[in-house]
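Visitor: I have a model open and would like to learn how to read it. Where do we start?

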Amino acid sequence: MQWTLLAEKLFGLDHGISAQDDFLSGTVQFEGAALTVIGTTNHAPIGVEMALKQARRVLDTLAQHPGRAILLLIDTQGQLLRRRDELLGINRAMAHLGCCIDLARRRGHRVIGLVYDQALSGGFITSGLIADACYALPEAEIRVMRIPAMARVTKIAEERLAELSQTNPVFAPGVQNYVAMGGVQAVWKHDLQAGLRSALRDAPTTDRRSRDGQSRGGRALAYAVAQQVLAA
Amino acid sequence: MSTSFAECSARQRVGLMLDAGSFQEWLPPSARVMSPHLAQLGVPSAFDDGVVIGQGLLQGQRVFMAAQEGEFMGGGVGEVHGAKLVGLLQRALRDQPAAVLLLAESGGVRLHEANAGLIAVSEVMRALLDVRHAGIPVIVLIGGANGCFGGMGIVARCADHIVMSDAARLAMSGPEVIEASSGVEEFDARDRALVWRTTGGKHRYLTGDCDVLVDDDVQAFRAAAIDALAQSRAITLDSLEREHRLLARRFHEAPEGADAAALWSQLGVVDALQVPDLDAPAIRGLRGALAASLAN
């Protein structure tokens, strides 16, 4: 879905979100409360600059609007693959963004992630995956790599991977697989406003994704193994 | 006689870093807590899924420790591997050791179980930040041949302290990935000198991306870990504002292009072209003069 259409569906025509190149930001009103919106569009690659732009908005919200909820609108192809960004410490900039979002949560801001188009790898770890909870639209795509690329890297036949992915969500892209593994809390299917309303009200503030992954049958071991460590 | 950290296995590193005989492993290989996904793919599994976790003494103080085994799937994080790290961090929150030491050696998410690995890395990140916010220092030590990349490169930068050897690398995407995606003129992955100038321990130390630079010697890593004990660094709005200023200034003021020596010169290194030839003590000597430009 185009971000403009998404913004209109969620917040009406005068939503208050603007795009500066691939960076989205704004303050919106939702059912009587102000929300900070931070996001990316056009499958933006996340480099040092984009990570810092997002972090700046999080820090401004923390400083100027204590307690205000933050909505992360996610559409990224992953981290920017440039030598200059590596030289300048792209991992440090992304960790900084993650630490800013994490501090917002600790200070009582609700932080909701929404994958409205595409979420990949590094671009996702320091956005939706470090929010209180991450949601997705049904047509969104979430992945580390597609099956053909995974077949090349792992040297396992594409047909075999496709077959295994029918029953094991760790092997293939897809929103439903991420729901099953607990990485995505829920899919917003029809009424987007209802989705956001319930997310702001019900999103867990502690990390319960491994438990969800177990109860939903998508990640059988993550929770159990951590429990074993606690009991060892 | 020094022992190369890079040449040791993860389990050897743990044994040599801690007070002799003090390490107690949790979920050891005999417990055979293994990846079900690798088995499904017919790929050889490891009895510890490539990570050693447990507790021991560091100069008499109880610490928790994890060590990733780079020889197994490049230290890649899968479901079980990640869950062992998360469990260790959750247990640290409960049991309050003096510190958590993470001997990171990883290519990031294990691609054979990529979706689970990606979520696992983010769970490690959140659990690590819980420990850090509780005032228990998390010390990341990087000295393996595989470096610390991908999601683990982000996790490392969430810790209180990073110790690296000059043989180590810390970054996001590996040079091969960048070359494959953007061409050899963007990043020649076979140019080892270029790779180390861009991601190696000396570079990370001169820019302040790591806190301590040591020789490739297990005892030097141990000494650096002891020094970092009891030095928790709180994450506050102020500390994040300082970090932001530093990173923004670095980004806006960095010389054009992607040349490490130009960046070192700008930081105040007088003879930047000499840096690759200097040993760790000489590099440590340089950083004192750079303190002003690294202050955040």
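Guide: With the elements. Helices (H or I, at least four residues) and strands (E, at least two) are DSSP runs, numbered from the N terminus. Take B:Asp48: this residue sits in the loop between helix H2 (36-41) and strand E2 (51-58) of chain B. This is a predicted model: local features need pLDDT of at least 70, side-chain atom pairs count only at pLDDT 80 or more, and totals for chains, interfaces and linings use all residues. Residues are numbered from 1 along each chain as its sequence is written, chains are lettered from A and ligands numbered from 1 in the order in which they are written, and side-chain values use heavy atoms, with hydrogens and water left out.

Visitor: Is B:Asp48 buried or exposed?

Guide: Buried means under 20% relative accessible area, exposed over 50%, and partly exposed in between (1.4 Å probe, protein chains only). B:Asp48 has 9% relative accessibility, so this residue counts as buried.

Visitor: Which residues is B:Asp48 in contact with, leaving aside neighbours within four places in sequence?

Guide: Contact means heavy atoms within 4.5 Å. B:Asp48 touches B:Arg11, B:Pro29, B:Val33 and B:Lys84 on that basis. A polar contact is stricter: a pair of N or O atoms within 3.5 Å; within protein, one must be able to donate a hydrogen and the other to accept it, and residues adjacent in sequence count only if both atoms are side-chain atoms. The side chains of B:Asp48 and B:Arg11 make one, at 2.9 Å.

Visitor: What is the phi of B:Ala230?

Guide: Near 65°, a positive value in a residue other than glycine. B:Ala230 lies in the loop between helix H9 (218-228) and helix H10 (237-253) of chain B. With 72% relative accessibility, B:Ala230 counts as exposed.

Visitor: Now the interface. How many residues does the contact take from each chain?

Guide: Chain B gives 80 residues and chain A gives 77 residues. Buried area is the accessible area (1.4 Å probe) that two parts lose on being put together, summed over both. Here that is about 6900 Å², and carbon and sulfur atoms give 64% of the area. B:Asn115, B:Arg126 and B:Phe251 supply 12% of what chain B buries against chain A, more than any other three residues.

Visitor: How many salt bridges are there between chain B and chain A?

Guide: A salt bridge is a side-chain nitrogen of Lys or Arg within 4 Å of a carboxyl oxygen of Asp or Glu. The count is seven. One of them joins B:Arg126 to A:Asp207, with the closest N and O atoms 4.0 Å apart. Helix H4 (residues 114-133) of chain B makes up the largest share of the side of chain B that touches chain A, 14 residues.
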